[in-house]
Amino acid sequence: MGVRKARHGWIFTLIFGVLSLAWIFPIVLVVINSFKKKVYISRRPFELPLGKMFVELENYVRGTEKIQFFEAFKNSLFITVCSVAVIILCTSMCAWYISRVKSAFSTGFYYLCLFSMIVPFQMVMFTLSKLANILHLYSPIGIILVYLGFGAGLSVFMFCGFVRSIPLEIEEAAMIDGCTPLQTYFQVVFPILKPTCITVAILQAMWIWNDYLLPYLVLDIKRWKTIPIAIQYLKGGYGSVDMGAMMAMLVLAIIPIIIFYIACQKYIIEGVVAGAVKG
Amino acid sequence: MQNSLKKYFPIFALPTAAAFAIGFFVPFLMGIYLSFCKFTTVTDAKFVGIDNYIKIFSDKTFGHSLWYTAAFTIVTVILINVLAFTVAMLLTKGIKGTNIFRTVFFMPNLIGGIVLGYIWQLLLNGILANYQKTLTYNSAYGFWGLVILMCWQQIGYMMIIYISGIQNIPGELIEAAKIDGATPQQILRNVTIPMVMPSITICTFLTLTNSFKLFDQNLALTNGEPSNMSELLALNIYNSFYGRTGYEGVGQAKAVVFFILVALIAVIQTRLTRNREVQQ
């Protein structure tokens, strides 16, 4: 269908323009308040930080010190990047194996992966956190293994769907030419899987970067916090929340996401669509 | 090829399989077993039969959060899907600026639940302050607050899926309907909606499970205040585990019930909408 020009198109453009502004208003509001003296934030949230309300970067300085924001950022980045890389590598290899080797293990594992996708995290959260503790998986490196395990279901399922569409002849030709299974995989199969890799990477990265409960229960949070944990930590148990620091940290938490979104928008939207069609 | 590949099991399949066992399978089985036990850590479990399940019924907070979650899920599923579909219809008509609007509407999805919760807490409490109220004034405020937050977050995501569904409808189909004299309403009801049924299946599935399993946003926005009245199921389970000593077994039993509910909803929903999809 060609793009048809709507009649009265400018009215819709106007309506959607206003709607879009309303859509980003909550974020703008947080940015505005992050420059306001903390006592004014809950009292006058909708006013611009002018005159005596304006505190420059005070909230940012205090907030980053309070929760060690950059430390948390480093942890989040490390855990997300490494987990996604490990998930892509391991689950795509596994998916190729179980699609090509017909055995009871292959069938069983495939159905277990499907099954795991509908199990809510609350079902396993207590036992998983205890088990991870017993196995000393409470460090940023250990949690990668937990993410591989809990994220395997969706990834294996998606890779399997794609592997099935690859003609067997390509791989057989490589094997006849003398490739070992490892060479066949890395030189022939893996490059073909690239589009699915991007989809899986985006879906998993969105999940892991924002995940709160799993790292909160698994990590030794006295030593390692991720961004969501650090922000929740600001709320703390005692007394009133430091709204100034909170606003500033919310802004710092959003900035990397927006940069990432603007840079990879095309892939993100395609990944979401592809993921939804296969899921 | 099968035989040569088979020997490579330890390299190809074992890492994922082992991690899957640690990260999902073993905790899942232990979870089912522990729901029949009394325990505070995993090692001191004592088998007590269906005691925990009986205790769920006497726990009033669970019943309340079940209805609260059910109502929340129904409201958000309907609102999000209707609005996302409407926006998708309008944004496939070639309006100027479509790409920018799509980008803006999708953005909230990338922000995590905890951050979203605090953003909306500021905004909604700011508005309610004019009426001397806060989000935790009573459970209805928390309810509608969460509904607004969920709509804001999820409409963009579902819109993207609907847009790709609408764009996949062959143009001839709509042209043919027009030539046959169909009104726009008839085209929508008899051509567009049946053709995007697969997208509707996926979007209702995603919104259903997302709403039913919601945790982070609930924790950040109201944390169940006032006195557990705005607690969704996931938070209720969490609080049974970590908020009340001696209730770990009950928490695990609740988690099993929760899992069964999620599985039932997923199966029934997919059956229902799949049946309506047109064969292509």
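These are my notebook entries on what I looked up in this structure, which is a predicted model.

**Entry 1: the make-up of chain A**

I began with the secondary structure of chain A, where I found 13 helices and 0 strands. Reading along the sequence, I therefore wrote down nothing but α, one helix after another, for the pattern of chain A. I then looked up the overall dimensions, and the C-alpha trace of chain A spans about 75 × 65 × 30 Å along its principal axes. For the radius of gyration I noted 24 Å for chain A, whereas a compact globule of 279 residues would have a value near 19 Å. Next I asked what share of the residues of chain A is buried. The count gives 44% of its 279 residues as buried. I also looked at how contacts are spread along the sequence of chain A: among those between residues at least 6 apart, 73% join residues at least 24 apart.

**Entry 2: where chains A and B touch**

I turned to the two chains together and found 77 residues of chain A in contact with 76 residues of chain B. Which helix of chain A gives the most to the side that touches chain B? It is helix 1, residues 9-33, which supplies 13 residues. Sorting the residues on that side of chain A by class, I counted 56 nonpolar, 15 polar and 6 charged.

**Entry 3: the nonpolar core**

I looked up the largest nonpolar core, which has 153 residues, and noted that the members touching the most others are C94(A), M249(A), L250(A), A84(B), V115(B), M159(B) and Y162(B). This core takes at least three residues from domain 1 (16-49) of chain B and at least three from domain 2 (56-274) of chain B. I followed C94(A) further and, leaving aside neighbours within four places in sequence, found C94(A) in contact with V156(A) and also with F12(B), A13(B), T16(B) and A17(B).

**Entry 4: the two domains of chain B**

Chain B is divided into domain 1, residues 16-49, and domain 2, residues 56-274. The C-alpha centres of these two domains of chain B lie 31 Å apart, and their contact takes 8 residues from domain 1 and 7 residues from domain 2. On the domain 1 side, helix 3 (14-34) and strand 1 (37-38) of chain B each supply at least two residues, and the largest share, 3 residues, comes from helix 3. By class, I recorded 4 nonpolar, 3 polar and 1 charged residues on the side of domain 1 of chain B that touches domain 2.

Note on methods
Residues are numbered from 1 along each chain as its sequence is written. Chains are lettered from A and ligands numbered from 1 in the order in which they are written. This is a predicted model: local features need pLDDT of at least 70, side-chain atom pairs count only at pLDDT 80 or more; totals for chains, interfaces and linings use all residues. Domain bounds come from an automatic or database domain assignment. Helices (H or I, at least four residues) and strands (E, at least two) are DSSP runs, numbered from the N terminus. Ala, Val, Leu, Ile, Met, Phe, Trp, Tyr, Cys and Pro count as nonpolar, Asp, Glu, Lys and Arg as charged, and the others, Gly among them, as polar. The radius of gyration is taken over C-alpha atoms; the globule rule is 2.2 Å times the number of residues to the power 0.38. A residue is buried if 20 or more other C-beta atoms lie within 10 Å of its own, exposed if 12 or fewer, and partly exposed in between; C-beta atoms are placed from the backbone. A nonpolar core is a set of buried Ala, Val, Leu, Ile, Met, Phe, Trp, Tyr and Cys residues joined through C-beta atoms within 7 Å.
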